[in-house]
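This report covers the fold of one chain, the arrangement of its copies and two helix packings. Please keep the sequence and the 3D view open while reading.

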2 protein chains.
Amino acid sequence: MGRPQKTHRASKDRSLNTRQALREAALELMDRDNSFDGLSLREITREVGVVPTTFYRHFSDMESLGLELVAESFRTLRELLKVARQTAVPGEKMIRRSVETFVTYVRAHRRHFQFLARERFGGVAAIREEIRTEVRLLQSELATDLGRFPVLKTWSTEDLNMVSGLMINAMIGIVEQVLSSRRRGQDDDELIMIAEKQLRLIILGVPQWRSQGD
Amino acid sequence: MGRPQKTHRASKDRSLNTRQALREAALELMDRDNSFDGLSLREITREVGVVPTTFYRHFSDMESLGLELVAESFRTLRELLKVARQTAVPGEKMIRRSVETFVTYVRAHRRHFQFLARERFGGVAAIREEIRTEVRLLQSELATDLGRFPVLKTWSTEDLNMVSGLMINAMIGIVEQVLSSRRRGQDDDELIMIAEKQLRLIILGVPQWRSQGD
DNA sequence: TGTACATCAGTGAACGCGCGTTCACTGATGTAC
DNA sequence: TGTACATCAGTGAACGCGCGTTCACTGATGTAC
């Protein structure tokens, strides 16, 4: 009992590597052409360099691999938001810097973002629903964050959700554009500028809101 | 030569019907579960009740059927916009009524909108690109429309595009929500209310824009 | 330290199946004269 | 009006292929004692 509990250590390491390799192969193949729905189990194992039956050592079927990719992709996205929350200090350049960080991050993790974008409306119901649940969660988290800003302190939860929904839709639009142009540099500069303007336009409307009633 | 030019009339009628039936079967099957990428040619002909080879009498391959569905779906969308343009009289209730029309129309043509939403990020590159081209076109048309409003007369083309992009992203978000809830009635009322608020928030920001410079 | 046993990721053959595509055909309809 | 010919949507058999899944296996590693 005093001995280290590293049961099947090496065996588990190998297992973890293959498991991860299967996930990565799926993302890679989806980046090359397919939707998740169009991927085959054999295609994925071929990419990894293992025999098809090995797949079943790690996942019961394709859907369970897909759900794991959803979780993995949202972990990536949440890391971005965590950093954004810590570094975002309200001020002149806050929006600009947030958008820059966002675009750079999407480029750096394009396969995760592409997976989410593609499967949000995609062909596998369980995956689609999981993604939607997570997006809704994200939206209310953003709403909570927004509620801390002085101008928004008096807003109802519903209205805060409405604004955060608008912002998230704008951001999804940005993701689409980042994903559809493979080039970096100049393309991104323009994208960043547009996204910044869109967010600023939304924010300009905010102080006018209540005075107009609803 | 004086005779009516109805060459192969009945033959062509039959052909048109089957062609249309193939398109509709594809939409129906996509509504049931799959992404376009996951559909098979045989599945579609089975649904129509013809032999697989008949498919080739009408389309060279699946991709060409897909591209025809893109065209068909955008024809549907453009009809909505045409009506919207003719009936939209600026005023108190304009936004509300536009959003109501929009949601009702999306419900009535859910399979077309679902196809576009799904394949916009989908697995077939040619289809994805065709959809993006059309969306971009739509965006600049809306920008032109917006430019006719007094408040926006002095805006640059780039900024008008920025606003229309924001609005289109908000509308795509609405489409997603309409598609993901099969119920009508109360759900839609709430959706309509949120969409109306989002558009109104964007519009509230507009008069503030220039005074802030950029 | 040495040995017998348990675990389990990865193997490789085999299965039945639905797939896309080819081919020569059929038969209804339209056209020419 | 009648007949010979052209067109062409739909047929049905056949092909080779990649698919998901099963099964009994191997062999590396860890555990018990």
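Axes here are lines fitted to C-alpha atoms, for helices over the stretch in contact, and angles run from 0 to 180 degrees between N-to-C directions. Helices (H or I, at least four residues) and strands (E, at least two) are DSSP runs, numbered from the N terminus. This is a predicted model, in which local features need pLDDT of at least 70, side-chain atom pairs count only at pLDDT 80 or more, and totals for chains, interfaces and linings use all residues. Residues are numbered from 1 along each chain as its sequence is written, chains are lettered from A and ligands numbered from 1 in the order in which they are written, and side-chain values use heavy atoms, with hydrogens and water left out.

Chain A contains eight helices and zero strands, in the order α-α-α-α-α-α-α-α along the sequence. Along the principal axes, its C-alpha atoms fill a box of roughly 65 × 50 × 30 Å. The domain assignment (bounds come from an automatic or database assignment) splits chain A into domain 1 (8-59) and domain 2 (62-207). The C-alpha centres of these two domains of chain A are 28 Å apart. Their contact (heavy atoms within 4.5 Å) takes 20 residues from domain 1 of chain A and 18 residues from domain 2 of chain A.

A turn of 180° with a shift of 0.0 Å along the axis lays chain B on chain A with an RMSD of 0.0 Å; the superposition is by least squares on the C-alpha atoms of residues with pLDDT of at least 70 in both copies. The two copies are thus related as by a two-fold rotation axis. In chain B, the C-alpha of Gly205(B) is nearest the axis, 1.8 Å from it. The copies meet through the same surface, because 100% of the interface residues of chain B are also interface residues in chain A.

Two helix pairs of chain B are set out below.

| Helix pair | Angle | Axis distance |
|---|---|---|
| α4(B) (residues 94-108) and α7(B) (residues 157-180) | roughly 50° | within 10 Å |
| α3(B) (residues 62-87) and α5(B) (residues 110-119) | about 120° | 9 Å |

Angles under 35 degrees count as roughly parallel, over 145 as roughly antiparallel, 65 to 115 as roughly perpendicular and the rest as oblique. α4(B) and α7(B) are therefore oblique to each other, and their crossing is right-handed. A crossing is right-handed if the near helix is turned clockwise from the far one by less than a right angle, and left-handed if anticlockwise. Phe102(B), Val103(B), Val106(B) and Arg107(B) of α4(B) meet Met171(B), Ile174(B), Val175(B) and Val178(B) of α7(B). These contact residues divide into seven nonpolar, no polar and one charged. Ala, Val, Leu, Ile, Met, Phe, Trp, Tyr, Cys and Pro count as nonpolar, Asp, Glu, Lys and Arg as charged, and the others, Gly among them, as polar.

α3(B) and α5(B) are likewise oblique to each other, with a left-handed crossing.
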